[in-house]
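Visitor: Please give me a close look at the interior of this protein, going through its parts one after another. I should like to know what is found there and which residues are involved.

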Amino acid sequence: MTKIKSLFISLLLTLGVSAAIAGSHGSTHDLVKERGKLMCGSNTGLAGFGAPNDAGVWEGIDVDVCRAVAAAVFGDASKVEYVPTTSKVRFTVLQSGEIDMLSRNTTWTLSRDVDLGLEFVGVNYYDGQGFMVSKDLGVSSAMELDGASVCIQVGTTTEMNLADFFKANGMSYESVPVETNSEADAAYLAGRCDIYTTDASGLYASRAGYPDPSAHVVLPEIVSKEPLGPSVRGNDSEWADVVRWSLNAMIIAEEKGITSGNVDDMIANSPDPETQRLLGVKAGYGAWLGLDDAWAANIIRQVGNYSESFEKHIGVNTPINIARGLNALYKDGGILYAPPFR
């Protein structure tokens, strides 16, 4: 069978699955409500972003996006089943209908958004690819990595970024492929590779869990743009809007100073028109999304605004210790921004 014919058949099968999902259940929104819970594709385990804690409860900023959608749809952020996915299978799992949305540190790119037939609905973390080495290696710059062995997850944008960076700088490397964060950590700590490369946030998350975090250095170079965000299947705009505006609600809430602790006071007393629209004081906006008017208030009350999620899971007062940087609101020097709620 020729490669072109094989790709054509694969495309037909993908379209057939999507059509079957749509035809038998209507929109994903209808399917989720009928099922009574959200199926959310998560990481296999990345501290601060998506991983079960010691009690087996999933938590992290990617997990909070799933929880926000559940709070919007059901009024209950706990109505989520998390489906761990590797970098290699995450898109197939979404395309096949096994999950309703994917929220697991995934970069928004042209090919994924268009060629794979997915729809990225926003960015919940602006990142870039970095490099981590053992302090004993004596390296202070990525420009000193010629000939190094590199642990890298397959099926990720980091593979292409790594090749581009080394080629552009006339350097060579040996690839040590892995499939999950835990495999990468194990291989790196065992000395199977000199370098671990992935999104810088992932490097900080991994390092925080090492026996001696101070023995490892994240090098200063950031070699790519990695806008990370949730995605859904394409051609389902109703569901995409629900997921998109659940994330936007958390961002707008931070901008407006609405928190999990003061949301009820804001409902009762805020004179700000946009706050009133967001929190359902002015009725009718939830109906546009197929939700009740309390949907955003439920998100903020149960999950918190964007800042609360960020600081709880990965902020400077956590072991991961990431400053807001680009992920600060646009008015605070970052680029985090949501469309107006009107």
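Guide: Helices and strands are taken here as DSSP runs, a helix (H or I) having at least four residues and a strand (E) at least two, and they are numbered from the N terminus. The model is predicted. With these names, Trp 108 can be placed in the loop between strand E5 (101-102) and helix H5 (110-115). Since its relative accessibility is 33%, Trp 108 counts as partly exposed. This tryptophan touches Asp 113, Phe 120, Gly 122, Val 123 and Pro 227, if residues up to four places away in sequence are set aside. With Asp 113 there is also a polar contact from side chain to side chain, at 3.3 Å. A part of the chain distant in sequence is found here too: Glu 226 is 118 residues from Trp 108 along the chain, and the C-alpha atoms of the two are separated by 7.3 Å.

From that loop we may turn to the enclosed spaces. The structure holds 2 cavities of 30 Å³ or more. The largest contains about 160 Å³ of space. Its lining consists of 19 residues, and those nearest its centre are Ser 87, Asn 105, Thr 156, Thr 198 and Asp 199. In terms of class, this lining has 12 polar and 5 charged residues, together with 2 nonpolar ones. Two elements, helix H6 (157-168) and strand E11 (195-199), each supply at least two residues of it, and E11 gives the most, with 3 residues.

Strand E11 deserves a further look, for Thr 197 lies in it. Is Thr 197 buried or exposed? Thr 197 counts as buried, because its relative accessibility is 0%. Its side chain nevertheless has polar partners: the side chain of Gln 129 makes a polar contact with it at 2.9 Å, and the backbone oxygen of Gly 130 is reached by the Thr 197 side chain at 2.7 Å. Both of these partners appear in the set of residues that Thr 197 touches, which runs through Gln 129, Gly 130, Phe 131, Val 150, Cys 151, Ile 152, Leu 162 and Leu 203, not counting residues up to four places away in sequence.

The second largest cavity holds about 40 Å³ of space. Ile 61, Val 65, Asn 124, Leu 247, Met 250, Tyr 306 and Ser 309 line it. Here the classes are 5 nonpolar and 2 polar, with no charged residues. Helices H3 (61-74), H9 (237-256) and H13 (306-313) each contribute at least two residues to this lining.

Helices H9 and H13 lead on to the aromatic residues. There are 15 aromatic pairs in the structure. One of them joins Trp 245 and Phe 341 in an edge-to-face arrangement, with 5.9 Å centre to centre and 80 degrees between the planes. Trp 245 belongs to helix H9 and Phe 341 to the segment after H13, so this pair ties together parts that are 96 residues apart in sequence. Both partners count as buried, Trp 245 because its relative accessibility is 17% and Phe 341 because its value is 6%. A further pair is formed by Tyr 306 and Phe 310; the rings are tilted, 6.1 Å centre to centre, with 40 degrees between the planes. Tyr 306, named above in the lining of the second largest cavity, shares helix H13 with Phe 310, and the two are 4 residues apart, about one turn of the helix. Tyr 306 and Phe 310 are both buried. As for Trp 245 and Phe 341, they also take part in one aromatic cluster with Tyr 285, Trp 288 and Trp 295.

An open space completes the tour. The second largest pocket has a volume of about 300 Å³, and it is lined by 18 residues, with Tyr 125, Tyr 126, Asp 127, Ala 200 and Ile 222 closest to its centre. Strand E7 (125-127) and helix H8 (200-208) each supply at least two of the lining residues. By class, the lining of this pocket has 11 nonpolar, 5 polar and 2 charged residues.

How values were computed:
Residues are numbered from 1 along each chain as its sequence is written. This is a predicted model: local features need pLDDT of at least 70, side-chain atom pairs count only at pLDDT 80 or more; totals for chains, interfaces and linings use all residues. Side-chain values use heavy atoms; hydrogens and water are left out. On a 1 Å grid over the protein atoms alone, a cavity is a set of points where a 1.4 Å probe fits but cannot get out, and a pocket is an open set with protein on both sides within 12 Å along at least five of seven lines; lining residues have an atom within 4 Å of a point. Grid points are joined across faces, edges and corners, and a volume is the space filled by probe spheres set on the points. Ala, Val, Leu, Ile, Met, Phe, Trp, Tyr, Cys and Pro count as nonpolar, Asp, Glu, Lys and Arg as charged, and the others, Gly among them, as polar. Buried means under 20% relative accessible area, exposed over 50%, partly exposed in between (1.4 Å probe, protein chains only). A polar contact is a pair of N or O atoms within 3.5 Å; within protein, one must be able to donate a hydrogen and the other to accept it, and residues adjacent in sequence count only if both atoms are side-chain atoms. Contact means heavy atoms within 4.5 Å. Rings of Phe, Tyr and Trp (its six-membered ring) pair if their centres lie within 6.5 Å; planes under 30 degrees apart count as stacked, over 60 as edge-to-face and the rest as tilted.
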